[in-house]
Amino acid sequence: MKKTVKRISTFLLALLMAGTMGIGVMAEGLPPIPDELDIPVTEDIEPRFSYIIAATSTIGFKNGQATAGSTLDGKQSLTTKITIYTYLQQYKNGAWTTLGGSNKTTNGYYAYNTYSKAVPKGYKYRTKSVFYVYSGTKYETHTNYSKEVTHK
């Protein structure tokens, strides 16, 4: 009887130990997961759109010129400064190419920026807008694109 109790106790102890141990399985061909990722740690992480209400990008054509436009409406009680980068892009040979652009900084909670350039007909164009929206020394960034329009 003592032998049976000892065997059962040993078996239960082995079962308990096996249940608490992790069993590692490595698939062939997969790279190992690094212990630490090279991600910078920032203490002032803000949730997305803390200061932005609306951001728009537009494109239009008149007299052979394309006009790229960018507008940002920030939260009035929080937004202190806005910097907008507005780029005119052309789709040619299977890729988007930046033809030019401008930037503008405004102190306040509303800002707009435009960029115009003479462009050839028959290609697709769009506006790329990059916004930096500040609240004091903290800021958030957002990138926006207009519709893609063919200049006819």
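**Exercise 1. The hairpin**

How many residues lie between β1 and β2 in their hairpin, and which residue in the turn has a positive phi?

*Solution.* The model is predicted. Start with the turn. Two residues lie between β1 and β2. Asn63 is in that turn, and its phi is positive, about 50°. Next, check the pairing. β1 and β2 run antiparallel and are joined by 10 bridges. One of the bridges links Lys62 to its partner Gln65 in β2.

**Exercise 2. The three-stranded sheet**

Work out the strand order of the open sheet, then explain why β1 and β5 each have one side without a neighbour.

*Solution.* Step one: read the order. The sheet is open and has three strands, in the order β1-β2-β5, with antiparallel pairing.

Step two: find the edges. β1 (52-62) and β5 (110-118) each have a single partner strand, so one side of each lacks a neighbour in the sheet.

Step three: add the twist. From one strand to the next, the twist averages 10°.

Step four: look at the second pairing. β2 covers residues 65-74 and pairs with β5 in the antiparallel sense over nine bridges. Leu72 has Ala111 in β5 as its bridge partner. Thr67 stands opposite Ser116 in β5.

One general point helps here. In a regular strand, side chains alternate between the two faces of the sheet.

**Exercise 3. Aromatic pairs**

How many aromatic pairs does a search of the whole structure find? Describe the pair of Tyr85 and Tyr132, and then follow the rings onward.

*Solution.* The search finds five aromatic pairs. Take Tyr85 and Tyr132. Their ring centres are 6.0 Å apart, and the planes are at 80°. Planes over 60 degrees apart count as edge-to-face, and that is the class of this pair.

Now place the two rings. Tyr85 is in strand β3 (residues 81-92) and Tyr132 is in strand β6 (residues 124-135), so the pair ties together parts 47 residues apart in sequence.

Move on to the next ring. Tyr132 also pairs with Tyr139, at 6.0 Å centre to centre. The planes are 50° apart, and this pair is tilted. Ring pairs link Tyr85, Tyr132, Tyr134 and Tyr139 into a cluster.

Are these rings buried or exposed? Tyr85 is partly exposed, at 29% relative accessible area. Tyr132 is partly exposed, at 28%. Tyr139 is partly exposed too, at 45%.

**Exercise 4. Charges over rings**

Which rings have the lysines Lys81 and Lys104 lying over them?

*Solution.* Take Lys81 and Lys104 in turn. The charged end of Lys81 sits over the ring of Tyr134, 4.5 Å from the ring centre. Lys104 lies over the face of Tyr112, at 3.9 Å from the ring centre.

**Exercise 5. The nonpolar cores**

Which residues make up the largest nonpolar core, and which elements give two or more residues to it?

*Solution.* First, list the members. The largest core has eight residues: Tyr51, Ile52, Leu72, Ile82, Ile84, Ala111, Phe131 and Val133. Second, name the elements. β3 and β6 each give two or more residues to this core.

Third, follow one member outward. The contacts of Val133 include the core residues Tyr51, Ile52, Leu72 and Ile82. Val133 also touches Thr79, Lys81, Lys138, Tyr139 and Glu140. Residues up to four places away in sequence are not counted.

Finally, look for another core. A second, separate core has seven residues, among them Ala66, Ala68, Leu88 and Val119.

**Exercise 6. Thr114 and Lys152**

Where do Thr114 and Lys152 lie, and are they buried, partly exposed or exposed?

*Solution.* Begin with Thr114. Thr114 lies in strand β5. Its relative accessibility is 45%, so Thr114 counts as partly exposed. Thr114 touches Thr67, Ala68, Gly69 and Ser102, leaving out residues up to four places away in sequence. Thr114 and Ile59 are 55 residues apart in sequence, and their C-alpha atoms are 9.5 Å apart.

Now turn to Lys152. Lys152 is in the segment after β8 (149-150). At 77% relative accessible area, Lys152 is exposed. Lys152 and Gly122 are 30 residues apart along the chain, and 5.7 Å separates their C-alpha atoms.

Definitions and conventions:
Residues are numbered from 1 along each chain as its sequence is written. This is a predicted model: local features need pLDDT of at least 70, side-chain atom pairs count only at pLDDT 80 or more; totals for chains, interfaces and linings use all residues. Side-chain values use heavy atoms; hydrogens and water are left out. Two strands pair if DSSP finds at least two bridges between them. Helices (H or I, at least four residues) and strands (E, at least two) are DSSP runs, numbered from the N terminus. Axes are lines fitted to C-alpha atoms, for helices over the stretch in contact, and angles run from 0 to 180 degrees between N-to-C directions. Rings of Phe, Tyr and Trp (its six-membered ring) pair if their centres lie within 6.5 Å; planes under 30 degrees apart count as stacked, over 60 as edge-to-face and the rest as tilted. Buried means under 20% relative accessible area, exposed over 50%, partly exposed in between (1.4 Å probe, protein chains only). A charge sits over a ring if NZ of Lys or CZ of Arg is within 6 Å of the ring centre and within 35 degrees of the ring normal. A nonpolar core is a set of buried Ala, Val, Leu, Ile, Met, Phe, Trp, Tyr and Cys residues joined through side-chain atoms within 4.5 Å. Contact means heavy atoms within 4.5 Å.
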